[in-house]
Amino acid sequence: VEAVETAMLVILFPVLKDQWKLTDMSLALVTASTHVGMLFGALILGRLSDRRGRKPVFQLSLFISSLFGLFSAFSPNLRWFVVWRGLLGFGYGGNIIVDITMLAEMIPVKNRGVYLVLMEVWFGLGAVFSVGMSWYVIPHLGWRYMVAFSVIPAFSMLFFRAGVPESPRFLLMNGQDDEAR
């Protein structure tokens, strides 16, 4: 999910630079705000998932990412784009930390390493797909469409992940032994 958003920026930056008459340093604000948002999202939403549960915080992080990713498509200028991307990053920071934690807590030790590696392989495939899609969509439909399309994976995961149970380890750590079984 995060790969689509981050890889798209490589193709998007020259277009934004031309359209909004930006410098390289001002474009760096987009990446910086996204990563600062990810840092705070990982810290805050990761901690919240220890208190409230992995599943609700994972869903919240996807909602935040989807909402502010979509808002990014309607940014009138760099200032708003940076704000929306920072908030999107906040959601993705929580998404990454909670997603890895949930997977590690739910997969048997025997298969855990393989599944965690596969998760990272999907990141690479998502990045390649995103760049390819950006090469087509941005020149034909415009950058705003590509930014809006990039929300689709996170938004669809909201529904796909709705059926995933809470982490058994989280339930056990919080005295909910019956639910963990």
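So, V147: this residue is buried, with a relative accessible area of 0%. Before I go on, keep in mind that we're looking at a predicted model. V147 sits in helix α6, which covers residues 143-149. And what does V147 touch, if we skip residues up to four places away in sequence? Its contacts are M8, L12, G69, S72, A73 and R85.

Here's a distance to try on your screen. Go from V147 to L62: that's 85 residues apart in sequence, and 16 Å apart in space, C-alpha to C-alpha.

L62 takes us to the next stop, since L62 is one of the α3 residues that make the contact with α7. Let me set that pair up. Helix α3 is residues 54-73, and helix α7 is residues 152-160. Their axes come within 8 Å and cross at roughly 150 degrees. Anything over 145 counts as roughly antiparallel, and so that's what we call α3 and α7. The crossing itself is left-handed. On the α3 side, the contact is made by Q59, L62, F63 and S66, and on the α7 side by A154, F155, M157 and L158. Sort those by class and you get six nonpolar residues, two polar and no charged ones.

Okay, stay on α3 but go to R54, which is in that helix too. Is R54 buried or exposed? R54 counts as buried, because its relative accessibility is 2% and the cut-off for buried is under 20%. So what does an arginine side chain find in there? For one thing, the side chain of R54 makes a polar contact with the side chain of E105, at 2.8 Å. Then there's S49: its backbone oxygen lies 3.0 Å from a polar atom of the R54 side chain. If you leave out residues up to four places away in sequence, the full list of what R54 touches is S49, V98, T101, M102, E105, E166, S167, R169, F170 and M173.

Last one, and it's a bit of an oddity: K21. Where is it? K21 lies in the loop between α1, residues 2-19, and α2, residues 24-52. K21 isn't a glycine, and yet it has a positive phi, about 55 degrees. K21 is also exposed, with a relative accessible area of 67%, whereas V147, where we started, is buried at 0%.

That's my tour, so let's open the floor.

Key: Residues are numbered from 1 along each chain as its sequence is written. This is a predicted model: local features need pLDDT of at least 70, side-chain atom pairs count only at pLDDT 80 or more; totals for chains, interfaces and linings use all residues. Side-chain values use heavy atoms; hydrogens and water are left out. Helices (H or I, at least four residues) and strands (E, at least two) are DSSP runs, numbered from the N terminus. Buried means under 20% relative accessible area, exposed over 50%, partly exposed in between (1.4 Å probe, protein chains only). A polar contact is a pair of N or O atoms within 3.5 Å; within protein, one must be able to donate a hydrogen and the other to accept it, and residues adjacent in sequence count only if both atoms are side-chain atoms. Contact means heavy atoms within 4.5 Å. Axes are lines fitted to C-alpha atoms, for helices over the stretch in contact, and angles run from 0 to 180 degrees between N-to-C directions. Angles under 35 degrees count as roughly parallel, over 145 as roughly antiparallel, 65 to 115 as roughly perpendicular and the rest as oblique. A crossing is left-handed if the near helix is turned anticlockwise from the far one by less than a right angle, and right-handed if clockwise. Ala, Val, Leu, Ile, Met, Phe, Trp, Tyr, Cys and Pro count as nonpolar, Asp, Glu, Lys and Arg as charged, and the others, Gly among them, as polar.
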